[in-house]
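Colleague: I am new to this structure and would like a close look at one part of it. Please take the surface where protein meets DNA and what lies behind it.

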2 protein chains.
Amino acid sequence: MNLDAHLPLPPPADGRTCPVRDVLDRLGDKWSTLLLVTLAQGAQRFNALARAVPDISRRMLTETLRHLERDGLIWREVTPSTPPAVAYGLTPLGFSLMPPLGALIEWAEHHQSKIAVARERFDKLPMRVREPEPASSVS
Amino acid sequence: MNLDAHLPLPPPADGRTCPVRDVLDRLGDKWSTLLLVTLAQGAQRFNALARAVPDISRRMLTETLRHLERDGLIWREVTPSTPPAVAYGLTPLGFSLMPPLGALIEWAEHHQSKIAVARERFDKLPMRVREPEPASSVS
DNA sequence: CAGAATCCCCCAAGATACTG
DNA sequence: CAGTATCTTGGGGGATTCTG
């Protein structure tokens, strides 16, 4: 398998100036991915999103949506009625993220059982199997 | 675009029991992705990894490697010589993650400029453009 | 309805020092 | 060389309360 074809990372060593880090860090926070996936099914209003992701606090919902909007991944539309209605949806840029993101999610779904097994095996290891005692033939 | 084809998420709303979260959370931490990508170029020894990723502390390097090993994404091989030599490399499971992960990285590289522009635009917004004063026609 | 503001806690992660 | 052990801090994120 040619990995370079998949991993054209010019500066993989430098973490500070690497712009890829910025993007990946965002996706790595607790709610961004989940919200993007939810919005991929269609534009939603604020409370609809809150219901779709029950365990998110209002604060984090607002904050995460703000970040995603800032990055241009979602749009925000205010209908100034009373009470106001605010809708969110994916931008074209946001939609363009879906295929790779979906692929990653599919990978996770497809291999979750293997990972669970690996974790179980690792955890029941006697803790010193990985560190074989240094042959005590010293005396 | 058919998003369901990319996003077969049975329980997208439940965050606690969703096993996809576990996996994605790991990839979302500060060093996992970078180490996986580095190891994709070939197995490396501990200090070689430390040199390849200069700004990681030894503690985080050890800890992140341990997590990845626990998840079955990388293997760890101890050669009990003096001084000991420990090598790390991707397992088949780890390699299987590379295509989707590489795709995500490519997406990030390809769209970083758009994101940068979006952020700039957002940040120079007068802060109240997004919140038009509610038409006070309520009487 | 859609947030803003505030308080608080936990832990990821850095720095430093020691070891087989 | 390849790690531990300990101390410390920033900020991510929860709970709660207030408002237009």
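Modeller: What follows describes the protein surface near one DNA strand, then a helix pair and one residue. This is a predicted model, in which local features need pLDDT of at least 70 and side-chain atom pairs count only at pLDDT 80 or more, while totals for chains, interfaces and linings use all residues. Residues are numbered from 1 along each chain as its sequence is written, chains are lettered from A and ligands numbered from 1 in the order in which they are written, and side-chain values use heavy atoms, with hydrogens and water left out.

Around DNA strand D there are 19 residues, and A:R59, B:R45, B:R66, B:R76 and B:Y88 come nearest; a residue is near a strand if one of its heavy atoms lies within 4 Å of it. On the DNA side, sugar and phosphate make up 68% of the atoms of DNA strand D that come within 4 Å of the protein.

At least two residues of this surface are supplied by each of helix 4 (58–70) of chain A and helix 3 (46–52), helix 4 (58–70) and strand 3 (85–90) of chain B. Helices (H or I, at least four residues) and strands (E, at least two) are DSSP runs, numbered from the N terminus. Helix 4 of chain B gives the largest share, four residues. By type, the surface has eight nonpolar, three polar and eight charged residues; Ala, Val, Leu, Ile, Met, Phe, Trp, Tyr, Cys and Pro count as nonpolar, Asp, Glu, Lys and Arg as charged, and the others, Gly among them, as polar.

Some individual atom pairs can be named. A polar side-chain atom of B:R45 lies 2.8 Å from a phosphate oxygen of DNA strand D, and one of A:K30 lies 2.9 Å from a phosphate oxygen of that strand. For B:P84, a backbone N or O atom lies 3.4 Å from a sugar or linking oxygen of DNA strand D.

Helix 4 of chain B also meets helix 2 (residues 32–40) of chain B: their axes, lines fitted to C-alpha atoms over the stretch in contact, come within 10 Å and cross at roughly 75 degrees. The two helices are therefore roughly perpendicular (65 to 115 degrees, on a scale from 0 to 180 between N-to-C directions). Helix 2 contributes B:S32, B:L35, B:L36 and B:L39 to the contact (heavy atoms within 4.5 Å), and helix 4 contributes B:L61, B:T64, B:L65 and B:L68.

In chain A, A:T64 lies in helix 4. A:T64 counts as buried because its relative accessibility is 3% (buried means under 20% relative accessible area, with a 1.4 Å probe and protein chains only). Leaving aside neighbours within four places in sequence, A:T64 is in contact with A:W31, A:S32 and A:L35.

Definitions and conventions
A polar contact is a pair of N or O atoms within 3.5 Å; within protein, one must be able to donate a hydrogen and the other to accept it, and residues adjacent in sequence count only if both atoms are side-chain atoms. Angles under 35 degrees count as roughly parallel, over 145 as roughly antiparallel, 65 to 115 as roughly perpendicular and the rest as oblique. Buried means under 20% relative accessible area, exposed over 50%, partly exposed in between (1.4 Å probe, protein chains only).
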